[in-house]
Amino acid sequence: MNPLVLFLPVYRASVTAYLLGLVALALLDAMRMQFGLIVIPSWAALLAIWFFVYSLHANRRRHAGREPALAILPVLVAVLAKGAAAVGGIFPGLVAAMTDFAERNGVDTSDQQAFANAINQPGFQQAFQEDLQARPETLDALMAGMAWPSWFGFWLVIGLFAIWFARMQRPAPPAAA
């Protein structure tokens, strides 16, 4: 297996190299999230992983005798899934933080109507945002709540595309006339 199939989209990736590369990148991404990278900013490592995932898909398509242009599709769909999963992951914590903020400001959150009225007040959202910024530990907890769901969202989509890409075969040669 040529290890360069992970890094540059100019090689050919067999099914084994493709799948092993995806597993290695998923593990590297999980380590990036769990432990961080000391010398590389997290956003730069994330962009690099996305590029390497693209490279693997392009190389797999090339090995199957197809144009590599469609290799960007799995990455784009996975990034969208990552964003949606992040929103889904942060939402419960955000609701809890908003409820806590409302209670600290004298709103009876057990009364749904009073809570809805408080949330719809003109300055509520601004005050809530300022409160979050003043309490970095709460903001950090909210951000941590979206990390793993976004990871699972991204890699689940990549895994689904991997089933498709791993099954790709070279087109049959044209029949002799």
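A salt bridge is counted here where a side-chain nitrogen of Lys or Arg lies within 4 Å of a carboxyl oxygen of Asp or Glu. By this rule, five salt bridges are found in what is a predicted model. Side chains of opposite charge can pair when their charged atoms come close.

A good place to start is helix 1, where the side chains of D29 and R32 form a salt bridge with an N to O distance of 2.8 Å. Both residues belong to helix 1 and stand three residues apart, about one turn of the helix. D29 has a relative accessible area of 1% and is therefore buried. R32 is also buried, because its relative accessibility is 9%, and buried means under 20%.

D29 and R32 appear again in the packing of helix 1 against its neighbour, for both are among the helix 1 residues that meet helix 2. Helix 1 covers residues 15–35 and helix 2 covers residues 42–63; the two pack at an angle of about 170 degrees, and their axes are 10 Å apart. Angles over 145 degrees count as roughly antiparallel, so helix 1 and helix 2 are roughly antiparallel to each other. On the helix 1 side, the contact comprises V15, A17, Y18, G21, L22, L25, L28, D29 and R32. Facing them in helix 2 are S42, A45, L46, I49, F52, V53, L56, H57 and R60. Sorted by class, the residues of this contact are 12 nonpolar, three polar and three charged.

Helix 2 has a second partner in helix 6, which spans residues 136–166. Here the packing angle is about 10 degrees and the axes lie 11 Å apart. Since angles under 35 degrees count as roughly parallel, helix 2 and helix 6 are roughly parallel to each other. Their crossing is left-handed. Helix 2 contributes I49, W50, V53, H57, R60 and R61 to the contact, while helix 6 contributes F154, W155, I158, F161, F165 and A166. Nine of these residues are nonpolar, one is polar and two are charged. Four helix 2 residues, I49, V53, H57 and R60, occur in the contact with helix 1 as well as in the contact with helix 6.

Helix 6 also packs against helix 5, with an angle of about 95 degrees and axes 5 Å apart. This angle makes helix 5 roughly perpendicular to helix 6. L132, Q133 and A134 of helix 5 meet P136, T138, L139 and L142 of helix 6. The residues of this contact comprise five nonpolar, two polar and no charged.

Helix 5 brings the account back to salt bridges through D131. D131 pairs with R104, their closest N and O atoms being 2.7 Å apart. This pair links distant parts of the chain, with D131 in helix 5 (residues 124–134) and R104 in helix 3 (residues 72–104), 27 residues apart. D131 is buried, because its relative accessible area is 13%. R104, by contrast, has a relative accessibility of 42% and so counts as partly exposed. D131 forms a salt bridge with R135 too, and here the closest N and O atoms are 3.3 Å apart. R135 counts as buried because its relative accessibility is 19%. Through shared salt-bridge partners, D100, R104, D131 and R135 are joined into one network.

Notes. Residues numbered from 1 in each chain as written. Predicted model: local features only at pLDDT ≥ 70, side-chain atom pairs only at ≥ 80, totals over all residues. Heavy atoms only, no water. Axes fitted to C-alpha atoms, helices over the stretch in contact; angles between N-to-C directions. Parallel < 35°, antiparallel > 145°, perpendicular 65-115°, else oblique. Contact = heavy atoms within 4.5 Å. Nonpolar A, V, L, I, M, F, W, Y, C, P; charged D, E, K, R; others polar. Left-handed = near helix turned anticlockwise from the far one by under 90°. Buried < 20%, exposed > 50% of the residue type's maximum accessible area, 1.4 Å probe, protein only.
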